[in-house]
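Student: Please take a close look at the part of this chain where the predictor's confidence is low, and set it against the chain as a whole.

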Amino acid sequence: MEIKGSDITQLVHGAENMSSSQRKDLGRALCIITGASRGFGRTVARELSRLVKPGSVLILTARSEENLRSLEVELAGSEAGKSGLLVQCVPADLAQMAGLQSVVSASRAAFSEHIDHVILVNNAASLGDVSRFTSSFTDMAEVDSYLSLNVTSCLCLTARLLQALPPRSGLCRSVVNITSLCALQPFKSWALYCTGKAAREMMFKVLAAEEPDLRVLSYAPGPLDTEMQSVARSSTADPDLKKTFSDMFSSGQLLTCEASCAKLMKLLLEDSFTSGAHIDVFDL
């Protein structure tokens with residue numbers, strides 16, 4: 001997994017040079033963002049708030065109510081908030097049915113005839129135990145718990161929201177899956193994470209095939225300078241992989257959430273990707 005410094009430079013400059021042919025905003029949107037309390041999800045919420053029209057609604061969900069509330073206050077005081085952006089926090093454990101239903105109920109209540117774009121960003125995910133190798137995962141309950149949050153809840157939330165926010169004339173519906181290189185390549189000692197990402201990606205490929213009117217994207221944001229990456233550097237069992245992450249950190253090769261998110265926003269604005277595609281930040 002070699003990422004050169006020139007790639008980082010190109011990435012940052014590329015985010016500054018958006019195509020003149022793309023649309024200028026994402027419409028009057030209802031945006032549902034999971035895992036919005038920190039890291040990449042929090043950045044996605046900030047960036048979407050700047051690209052939607054007044055009267056748009058952001059539904060922010062995560063397990064940490066305190067972090068969600070601080071983001072709500074931040075966005076309410078922003079230029080977008082002062083111009084009519086509505087922000088609603090839904091603290092929820094998406095691995096529980098009650099949590100799923102609270103997000104669906106809030107989204108349904110915010111949906112109106114004035115909304116012309118629904119954007120679901122499936123960002124919530126956990127790294128899992130990367131301090132062990134595949135042959136150590138003998139406890140079915142442990143594996144089921146991981147997959148419940150990272151795969152099952154993602155499928156069920158997406159399905160419930162698609163039912164609650166049905167298609168209609170003039171409405172665009174976009175579903176974004178935050179994925180990873182781990183969906184495509186095996187990383188030693190990352191059995192849970194790789195399995196979850198691969199399963200989610202195939203799930204969204206099937207969805208794109210089944211519903212051609214949906215816009216479905218699996219976006220891999222790259223190696224981000226986040227708390228999850230810090231855990232990966234300290235806990236990864238495979239020594240070669242652990243060294244790779246440590247070297248990337250020490251040489252400044254980790255990406256900021258802002259630089260990677262700019263690429264995602266560009267994809268959504270241009271809206272020219274093949275539905276169901278996996279697009280990596282370094283492909284752009």
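Tutor: What follows treats the low-confidence residues and then the whole chain. This is a predicted model, and the mean pLDDT of the chain is 93, with 92% of its residues at 70 or more. Two stretches fall under 50 throughout. One of them is residues 1–6, where pLDDT stays under 50; the model nevertheless gives residues 1–6 twelve contacts beyond four places in sequence. The other is residues 12–20, again with pLDDT under 50, and here the model has eleven contacts beyond four places in sequence. Contact here means heavy atoms within 4.5 Å.

Now the chain around these stretches. Its secondary structure comes to ten helices and seven strands. The radius of gyration is 18 Å, close to the 19 Å that the globule rule gives for 284 residues, so the chain is as compact as a globular protein of that length. The C-alpha trace spans about 55 × 45 × 40 Å along its principal axes. Of the 284 residues, 51% count as buried. Among contacts with a separation of 6 or more, 80% join residues 24 or more positions apart.

The surface and the charges complete the account. About 12900 Å² of the chain is exposed, and carbon and sulfur atoms supply 53% of that area. There are 27 positive and 31 negative side chains, and the centres of these two sets lie 3 Å apart. The totals for the chain use all residues, so residues 1–6, with pLDDT under 50, and residues 12–20, also under 50, are included in them.

Key:
Residues are numbered from 1 along each chain as its sequence is written. Side-chain values use heavy atoms; hydrogens and water are left out. pLDDT is the predictor's confidence in each residue, from 0 to 100. Helices (H or I, at least four residues) and strands (E, at least two) are DSSP runs, numbered from the N terminus. The radius of gyration is taken over C-alpha atoms; the globule rule is 2.2 Å times the number of residues to the power 0.38. Buried means under 20% relative accessible area, exposed over 50%, partly exposed in between (1.4 Å probe, protein chains only). Accessible areas come from the Shrake-Rupley method with a 1.4 Å probe; for residues, only the protein chains shown count as cover. Lys and Arg count as positive and Asp and Glu as negative; His and the chain ends are not counted. The place of a charge is taken as NZ of Lys, CZ of Arg, CG of Asp or CD of Glu.
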